[in-house]
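Here's a walk through a single chain, starting with its charged pairs and then working inward. Keep the 3D view open as you read.

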Amino acid sequence: MSTATLEDKVIRAFIQALPDLLPGCKVLKLQEQPRVGSVVPDLVFRAKVGDTEKTFVCEAKPRGEPRYVMEALGLFSLTAKSLPEAYPLFIAPTISEEGKALCRKAGVGFITLRGEASLQFDSVYVDREYGASS
């Protein structure tokens, strides 16, 4: 029987789905359970998106409801002190409209396992809603 948490399963599914979720993204370095200062985010990875290389600090939650997003925002504010150049990325199976608004207002990207994505950093802009390309 697996003892993996739902967050662990979300991270694994995200890693497998990343090429489809963010076309042209190539992961260069992956660290699970890294330490960033005194904080341990779920995942830190360095990736190349188009011509841009970026470090992502990720927090995975079982749901994208506002309370989970707020927890992640707190973690991101702490990691920003140690990795100010990193881009915070919220990952969940789905995210509510309120959760999306909180992420956007805070300058945090999000990717859901349904294929929704919102990222804006350097010269990269991705805004994909579920079902928008159907």
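## Charged pairs

Glutamate 129 and arginine 104 make a salt bridge, with their closest N and O atoms 3.2 Å apart. This pair connects distant parts of the chain, since glutamate 129 sits in the segment after β7 and arginine 104 in helix α3, 25 residues apart. Both ends are partly exposed: glutamate 129 has a relative accessibility of 30%, and arginine 104 has 37%. They aren't alone, either: salt bridges with shared partners join Glu97, Lys100, Arg104, Glu116, Asp127 and Glu129 into one network. Bear in mind that this is a predicted model. In total, the structure holds ten salt bridges.

Lysine 54 pairs with aspartate 122, and here the closest N and O atoms are 3.7 Å apart. Lysine 54 is in strand β3 and aspartate 122 is in the loop between β6 and β7, so this salt bridge ties together parts that are 68 residues apart in sequence. The two ends sit in contrasting surroundings: lysine 54 counts as buried at 13% relative accessibility, while aspartate 122 counts as exposed at 58%. Another pair is arginine 46 with glutamate 53, at 3.6 Å between the closest N and O atoms. Arginine 46 is partly exposed at 30% relative accessible area, and glutamate 53 is also partly exposed, at 41%.

## Around strand β3

Glutamate 53 turns up again in the strand pairing, as the bridge partner of lysine 48. β2 and β3 run antiparallel to each other over seven bridges. They form a hairpin with two residues between them, and glycine 50 in that turn has a positive phi of about 65°.

β3 also pairs with β4, this time in the parallel sense, over five bridges. One residue match here is glutamate 59 with phenylalanine 90 in β4. To get from β3 to β4 the chain passes through helix α2 (residues 66-82), giving a right-handed β-α-β crossover. As for cover, eight of the nine residues in β3 are buried.

## The crossover helix

α2 has 17 residues and spans 25 Å from first C-alpha to last, close to the 24 Å expected at 1.5 Å a residue. Its buried residues are Tyr68, Val69, Ala72, Leu73, Leu75, Phe76 and Thr79. What covers them includes β3, β4 and α3 (97-106).

## The nonpolar cores

In soluble globular proteins, nonpolar side chains tend to be buried together. Which residues touch the most other members of the largest nonpolar core? Of its 23 residues, they are Phe14, Phe45, Phe56, Leu89, Ile91, Ile111 and Leu119. At least two residues of this core come from each of α1 (6-21), β2 (43-49), β3 (52-60), β4 (87-92), β6 (117-121) and β7 (124-128). α1 gives the largest share, five residues. There's also a second, separate core of 17 residues, with Ala72, Phe90, Ile95 and Phe110 among them.

Two members of the largest core are worth clicking on. Phenylalanine 56, in strand β3, is buried at 1% relative accessible area. Leaving aside residues up to four places away in sequence, phenylalanine 56 touches Leu43, Val44, Phe45, Ala47, Val49, Tyr87, Leu89, Leu119 and Phe121. Its C-alpha is 5.8 Å from that of proline 88, 32 residues apart along the chain. With the sequence neighbors again left out, isoleucine 91 touches Val10, Ile11, Phe14, Cys58, Glu59, Ala60, Lys61 and Ile111.

Technical notes:
Residues are numbered from 1 along each chain as its sequence is written. This is a predicted model: local features need pLDDT of at least 70, side-chain atom pairs count only at pLDDT 80 or more; totals for chains, interfaces and linings use all residues. Side-chain values use heavy atoms; hydrogens and water are left out. A nonpolar core is a set of buried Ala, Val, Leu, Ile, Met, Phe, Trp, Tyr and Cys residues joined through side-chain atoms within 4.5 Å. Buried means under 20% relative accessible area, exposed over 50%, partly exposed in between (1.4 Å probe, protein chains only). Helices (H or I, at least four residues) and strands (E, at least two) are DSSP runs, numbered from the N terminus. Contact means heavy atoms within 4.5 Å. Two strands pair if DSSP finds at least two bridges between them. A crossover is right-handed if, with the strands pointing away from the viewer, the path from the first strand over the helix to the second runs clockwise. The expected span of a helix is 1.5 Å times one less than its number of residues. A salt bridge is a side-chain nitrogen of Lys or Arg within 4 Å of a carboxyl oxygen of Asp or Glu.
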